[in-house]
Amino acid sequence: MHTLLAGVAILLPTFLLLRFLATTSIRHIVIQSCRAIADRLHLHQTYTVPQFDPTTLLPNPLYSRVAAYLSSLQHADSSAAATNLLSGSNPSHDIILSPDPNRHVITDRFLSALLSWSNHPASSPASGCKFVLCLRKKDKRRILRPYLQHILSVSEDVGREIKSFTTHFAPSAAAAESPWRAVPFAHPATMETVVMDADLKGKVKSDLELFLKSKQYYHRLGRAWKRSYLLHGPPGTGKSSFVAAMARFLCFDVYEIDFSKFADDSDLLKLLSQTTPRSVVVIEDLDRILANSSGNLSLSGLLKFMDGIGCEERVMIYTMTSKEGIDPSVLRPGRIDVQIHFPLCDFPAFKALAGNYLGVKEHKLFPQVEEVFLSGASLSPAEIGEIMIANRGSPSRALKSVITALQAADAAASDARAVRLMRESRASALPPTAAAAAAAAGDDGGGGVFCRESVHTVREFRKLYGLLRIGSRRKEESSVPSSELGGGSGPLEKEGRIEGGGAKS
C-alpha cells in the first residue's frame, strides 16, 4: 500500500507538469526550438515575391495570388501572437486570415515538404511589401514548380469577387477608354435559391462543371472553348435570376450587352474581343433584337458574334420570350448548345415558392391552390412571389391572395378565348368585306359587332365554354386508371428540360 502511494506521489506531479506544459506557451516554445534546431541542420533556399515589379513599378499579379492562397490556409501556424482578420466585400462577408506585414510567418506542407512564408513590410512606398518563401534545398527540385502551380490553381477561386460590366458606349479604335463600365454585382441569386425542377437544375450544374474541365477536349476537337445557353419563356419566369445564379456558380464575371449602343456589326465583334476569359456574356431579349429589322445590326453580324471566333473560356447566355418565328440558323447546335425552357408557375413550383417566401411546406389551403392550377390557371413565378412578399406576415392571407389572383387570371383568359372564338365564328358567317369590317371594329375596341347587344351573347358563350371544359376534364379523369393518378411528372418536368445539343444527363 505504501509502495502504491509512493508511486502515485511521484506520477501525479509529473502528470500535472506535463499538462501545464501542454496548455501553455512553453509547449509552443519547445516545438519552435526543435524546429529551429532541425532547420539549422539543413540548407535553405529563399524566394521573394515583391508587391511591385522593380523594373516597371507595376503591381505584381503573383503577389495577390500568394496573398489569396495564404488566406485560405486553415492550418496556418503563426510564429507571432497577432494575425490580421479581414472581412471580404463579397455577399457572404467571409472572414479571411491576412499575414501581418511586420511579424507573421505561415507554414505550409506540400508533398510532405515543409515550407514557410513570411510577409515583410515595405521599406519605401515605391517598393511595397513582399512575401518570402523559404524551403529546404533538397526539396527545391522536387516540389517548387508543382507548388507554384498549386498556388495559382487554388488562388483562382479563393476570395475572387464577381464583377459585372455593362456597355456605356460603342467601342472605337481611337478611344483608349474601355467600352465596358464596371457596376457592382449585387444579385443574390444562387443555384440553391432558384426555383426550378431539381433534376433540371442538376443537369445544368453538371453541364457547367463538365465545361470547366473540358479545355483540352475542346481544343482536341478544334473548337473554341465556350458554351452557349438559350433561356426562353414568358416574362417573370426567372431567366435573369438564373443567369446570376450561373455566374455565381461558375465564379465568372458578367458582361451585359446593350445593343442600342452600337452603330454596326463591327462594334459588336470589337466588344466581344474586349471581354475577359472566365466570363459570362449576356444578351437579353434576343427575339426582340432579331425582330427589329430597322436596327443597325444585321443577322449575319449577330451570327458571327454568336460563333465567338477567337474567344475562349466564355459562357454565352441568350434570353428570349418565345422561339416562334426565330431563324433556324440562330438556334442550330454550335451557336446554341443548350436550350432551357422556363414555363409559367405550376403547383410544384408554387410549393417551392411558398417554402422560400413564406417558410411554409404544407398548408390547409394547398389543395385549393392545386385545384385552381389544375383548372388551367397560371401566373408567372415573379407575380406569385410579389403577392407572397406583400403578405409575408400571414401565410394564410398570402395563399388566399394567390388563389384570388389565379382565379382572376383564369377568368381573364377565358374572356379572351370566348371573344376570340366569337369573332372567328362571326367572321366565318359574314361575307369577306363584312368580316374585315367586323374584325377592324373589334380590334379598335369601338362599337361594331361586340359593343352593346353582343355582350350578353359573349357571357353566355363563356358559360357554355366553361361547362364544356369541365365536362371534358371529368371525362379525361374518369378514363385514367387509378394507379396512374399522381404518378406523372409535373409541367416543370415535362416542359422545363434541357433541349438541344450538348445536354448531359
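Which residues in H8 meet which residues in H10? Select both helices to find out: Asp265, Leu268, Leu269 and Leu272 in H8 meet Ser300, Gly301, Leu302, Lys304 and Phe305 in H10. Meeting here means contact, with heavy atoms within 4.5 Å.

Before you go on, know that this is a predicted model, where local features need pLDDT of at least 70, side-chain atom pairs count only at pLDDT 80 or more, and totals for chains, interfaces and linings use all residues. Residues are numbered from 1 along each chain as its sequence is written, and side-chain values use heavy atoms, with hydrogens and water left out.

**Stop 1: two helices**

Stay with H8 (residues 265–273) and H10 (residues 299–307); their axes come within 9 Å and cross at roughly 10°. Helices (H or I, at least four residues) and strands (E, at least two) are DSSP runs, numbered from the N terminus. The axes are lines fitted to C-alpha atoms, for helices over the stretch in contact, and angles run from 0 to 180 degrees between N-to-C directions. H8 and H10 are therefore roughly parallel to each other, a label for angles under 35 degrees (over 145 is roughly antiparallel, 65 to 115 roughly perpendicular, the rest oblique).

**Stop 2: aromatic rings**

Now select Trp117 and Phe131. A pair of aromatic rings is described by the distance of the centres and the angle of the planes. For Trp117 and Phe131, the centres are 6.4 Å apart and the planes at 90°, so this pair is edge-to-face. The rule: rings of Phe, Tyr and Trp (its six-membered ring) pair if their centres lie within 6.5 Å, with planes under 30 degrees apart stacked, over 60 edge-to-face and the rest tilted.

Trp117 sits in strand S5 (residues 113–120) and Phe131 in strand S6 (residues 130–136), so the pair ties together parts 14 residues apart in sequence. Trp117 is buried at a relative accessible area of 2%, and Phe131 is buried at 2% too. Buried means under 20% relative accessible area, exposed over 50%, partly exposed in between (1.4 Å probe, protein chains only).

Add Tyr63, Tyr69, Phe110 and Tyr147 to your selection: with Trp117 and Phe131, they form one aromatic cluster. The whole structure has 16 aromatic pairs.

**Stop 3: salt bridges**

Side chains of opposite charge can pair when their charged atoms come close. How many salt bridges does the structure hold? There are eight, each one a side-chain nitrogen of Lys or Arg within 4 Å of a carboxyl oxygen of Asp or Glu.

- Select Asp337 and Arg223, whose closest N and O atoms are 3.8 Å apart. Asp337 is buried at 5% relative accessibility, while Arg223 is partly exposed at 41%.
- Go to Arg278 and Glu313, a salt bridge at 3.5 Å, N to O. The pair links distant parts of the chain, 35 residues apart. Arg278 is buried, and so is Glu313.
- Try Glu362 and Lys351, at 3.3 Å, N to O. Glu362 is exposed with a relative accessible area of 58%, and Lys351 is partly exposed with 29%.
- Pick Asp307, Arg332 and Arg335, which are linked in a network of salt bridges.

**Last stop: Thr319**

Finally, click on Thr319 in strand S12. Is Thr319 buried or exposed? At 1% relative accessibility, Thr319 counts as buried. Leaving aside neighbours within four places in sequence, Thr319 is in contact with Leu231, Lys239, Ile283, Glu284, Asp285, Leu286 and Asp287.
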